[in-house]
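Grab a pencil and get ready to work through a few short exercises. Try each one yourself before you read its solution.

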Amino acid sequence: MKKSPLYTRTGDRGMTSLVDGTRVRKNSPRVSAYGTLDELNAMVGLLQAHCTTLTPNTTDNSDSSNPSDNSILYTLNSTLSTLNSILSTLFDIGAYLATPDKEDNSILYTLNSILSKRLADLEHQIDLLDSLVPPLRLFVLPGGSIPAAHAHVARTVCRRAERDILTLADTGAHVDPTVLTYINRLSDYLFILARYLNHLTSTPELTWHP
């Protein structure tokens, strides 16, 4: 079977198609919103790749009879699972934002059916990681270990995605409130994940000293 070409030439003049076929400028607020989500998703994918390298080897580097090693393995596996869920959720939200407002939005219906649970799962992970790191007494600067630094970059992209989604809403487009809640909570998760990754690798956190 002949493969389809990767390029269509339909976007050569700065236009793109939304889910329903509507043509819009590539720098429109709607495209900017789901485009930043795409960038965020790429950052989360990179972060996940770095976290994968931290997973303990159960035969060489950890002792299955050691409760502490088992706890680290559980938390890392839980983190990888959470990041995988985030990748799918951001793709779902991107598809929703790429769909013009209409009364019968099946994508929104599907999104609403899963977003509340994924939000609850995210908050559970935030509480878990927060219980494992020292109390926060100073402002933390981005950096530390390589995985933690990537988590901080993802956090800042997440905040930009939140601003772009709000800009879209300011144009009069409908943005489901749960979407904004999830993106806001995701930035919190990425912050605490950065702290946990530094703690896990025994990397001192960078703190602000005015």
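Below are four exercises on this predicted model, each with a worked solution.

**Exercise 1.** Find out which residues touch the most other members of the largest nonpolar core, and which helix gives the most to this core.

*Solution.* Start with the core itself: it has 48 residues, and Tyr182, Leu186 and Tyr189 touch the most other members. Next, look at where the residues come from. Helices 1 (29–52), 2 (67–97), 3 (106–130), 4 (146–170) and 5 (177–200) each give two or more. Helix 5 gives the most, with 11 residues. Now zoom in on Tyr182. Setting aside residues up to four places away in sequence, its contacts include Ile86, Leu90, Leu115, Arg118 and Leu122.

**Exercise 2.** Check whether the length of helix 5 agrees with what its 24 residues should span.

*Solution.* Take 1.5 Å a residue, counting one less than the number of residues. That gives an expected 34 Å for helix 5, and its end C-alpha atoms are 34 Å apart, so the two agree. Then step past the helix: serine 202 follows, with a positive phi near 55°.

**Exercise 3.** Decide whether asparagine 198 is buried or exposed, and list what it is in contact with.

*Solution.* First, place the residue: asparagine 198 sits in helix 5. Its relative accessible area is 2%, and the cut-off for buried is under 20%, so asparagine 198 is buried. Last, the contacts: leaving out neighbours within four places in sequence, asparagine 198 meets Gly143, Gly144, Ser145, Ala148, Thr203 and Glu205.

**Exercise 4.** Work out what parts of the chain these salt bridges join: glutamate 39 with arginine 160, lysine 117 with aspartate 121, and arginine 159 with aspartate 188.

*Solution.* The model has 7 salt bridges in total, so take these pairs one by one.

- Glutamate 39 and arginine 160 come to 2.8 Å, N to O. The former is in helix 1 and the latter in helix 4, so this bridge ties together parts 121 residues apart in sequence.
- Lysine 117 and aspartate 121 have their closest N and O atoms 2.9 Å apart. Both are in helix 3, and being 4 residues apart puts about one helical turn between them. Lysine 117 is exposed at 57%, whereas aspartate 121 is partly exposed at 37%.
- Arginine 159 and aspartate 188 meet at 3.9 Å, N to O. This pair links helix 4 to helix 5, across 29 residues. Shared partners join Arg159, Glu162 and Asp188 into one network.

Note on methods
Residues numbered from 1 in each chain as written. Predicted model: local features only at pLDDT ≥ 70, side-chain atom pairs only at ≥ 80, totals over all residues. Heavy atoms only, no water. Core = buried A, V, L, I, M, F, W, Y, C linked by side-chain atoms within 4.5 Å. Buried < 20%, exposed > 50% of the residue type's maximum accessible area, 1.4 Å probe, protein only. Contact = heavy atoms within 4.5 Å. Salt bridge = Lys/Arg side-chain N within 4 Å of Asp/Glu carboxyl O.
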